[in-house]
Every structure is written in C-alpha cells, then in structure tokens.
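Student: Could you take me closely through a single part of this model, explaining each term as it arises?

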Amino acid sequence: MLPPMFSMIETEFVNILTGQGTLTASGFSPKKAVVQYSNQAAAPNAASFSANCPFVEWEIKKDIDMVIRKASLAVQEDVAAQEYGAGAGGTRNISGTSKFHVDLELELANLHQKDAALLFTSCYVANDSTLFTLAKLLPDCEIYSDAGNHASMIQGIRNSGVPKFVFRHNDVEHLEQLLKRSDPKTPKIVAFETVHSMD
C-alpha cells in the first residue's frame, strides 16, 4: 500500500513495475501523451519496462525512475519507523547509544584508519566531554580557562571538579602570572578557543 502522497497514475506505475497491474494512461508526460503496457510478467522493474516498450521516450523513463525512487524511500521510511520509532529521542544523552551510533563510529574509525572513533552529538557535548575527560586523565591537574570561553567549555571544566583559574580574555600576561603561582610539577590544561565564538 503506497502512502497518500502518490497520485493514482504513480500508484499504477508502481503496480506495473512490481508485476501487480496493467496500465493504459493518457497525459502522464507532457511530451508523450499515451503509454500502453499490459504485460505484467515482463515488467518487474524499470529496466525491463523500458526494454519492452521501445516507444517510451526519455521523459517517460525519467518519470518512472522518479516514481521508483519515491516508492523506495517511502518503503524505507515505513520500515525504519516501524523498527526504530520516530520522535525526538535520537540523541545519546536522551536515549542512550543505538546501533546507528555504533555503526557510524565504526565507519569513521575505518575511514581514518584508527582503532576506534567516538561520536559526539553536538559541539557543546564535545567540549564538555573532552575537557572533563582530559582533567580526569591527568591526576591532580589544574585548568586555566580564558574568561571568554564558551559555556560548553566552562561546563566541562566545572564538571571535572579540578582546581580552575580564569585569566582575562586573550591576556597572555595574566595567564603567565597565574601559571607562575602554581607548582611546576602540577599538570596543567590551558583551555581557550582558537576561533573565538563569544565576540
């Protein structure tokens, strides 16, 4: 059953191409007014449809291809909706990891010839998660943060729970003053934006 977006003539074409109907149609294409085809068995797809109808002009073939693509997408959408549902529950932070996240990470890892890849759902989540994780991987570290950093970076620093020091925006001298007060043996992260987004 095709969805309501399909016209009667399109539905009939799909039925022919899948061996479920016959067609005598007028006005399907502005350049070819009449299409006649009644051999269901010989027309399981667009290729055989065209091969068995030498009078079908290119414009008609183009219309047929368009209908087939439309039908294929409609079927895929229906299958996906039935199997995975629909709605605003797609992000990891809402509904957890899905097979689509895992498949995409595997594909990205293969593309870049790496052992693994990690997919973030947004730049905000990427900044938050990266700074939090870096701070946890460096025991007893300190974070020095530009005063103009984006909220996502501030959130990651806050979530890490490590000591933080804020230096004035783009003020290297102020950063240096803060660094001089710290123990040189303490691991440090200086967090700032290369392309500043908050100006």
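Tutor: What follows is a close look at one helix and the elements that come after it in the chain. The model is predicted, and local features need pLDDT of at least 70, side-chain atom pairs count only at pLDDT 80 or more, and totals for chains, interfaces and linings use all residues. Residues are numbered from 1 along each chain as its sequence is written, and side-chain values use heavy atoms, with hydrogens and water left out.

Helices (H or I, at least four residues) and strands (E, at least two) are DSSP runs, numbered from the N terminus. Helix H6, residues 123-137, has 15 residues. From first C-alpha to last, H6 reaches 21 Å, close to the 21 Å expected at 1.5 Å a residue (1.5 Å times one less than the number of residues). Its buried residues are Ala126, Asp128, Leu131 and Ala135; buried means under 20% relative accessible area, with a 1.4 Å probe and protein chains only. These residues pack against strand S3 (142-146), helix H7 (151-160) and strand S5 (188-191), where contact means heavy atoms within 4.5 Å.

The loop between S3 and H7 holds asparagine 149, which counts as buried because its relative accessibility is 4%. Its side chain makes a polar contact of 2.9 Å with the side chain of serine 145 (a pair of N or O atoms within 3.5 Å; within protein, one must be able to donate a hydrogen and the other to accept it, and residues adjacent in sequence count only if both atoms are side-chain atoms). A polar atom of the asparagine 149 side chain also lies 2.9 Å from the backbone oxygen of alanine 191.

Definitions and conventions:
Buried < 20%, exposed > 50% of the residue type's maximum accessible area, 1.4 Å probe, protein only.
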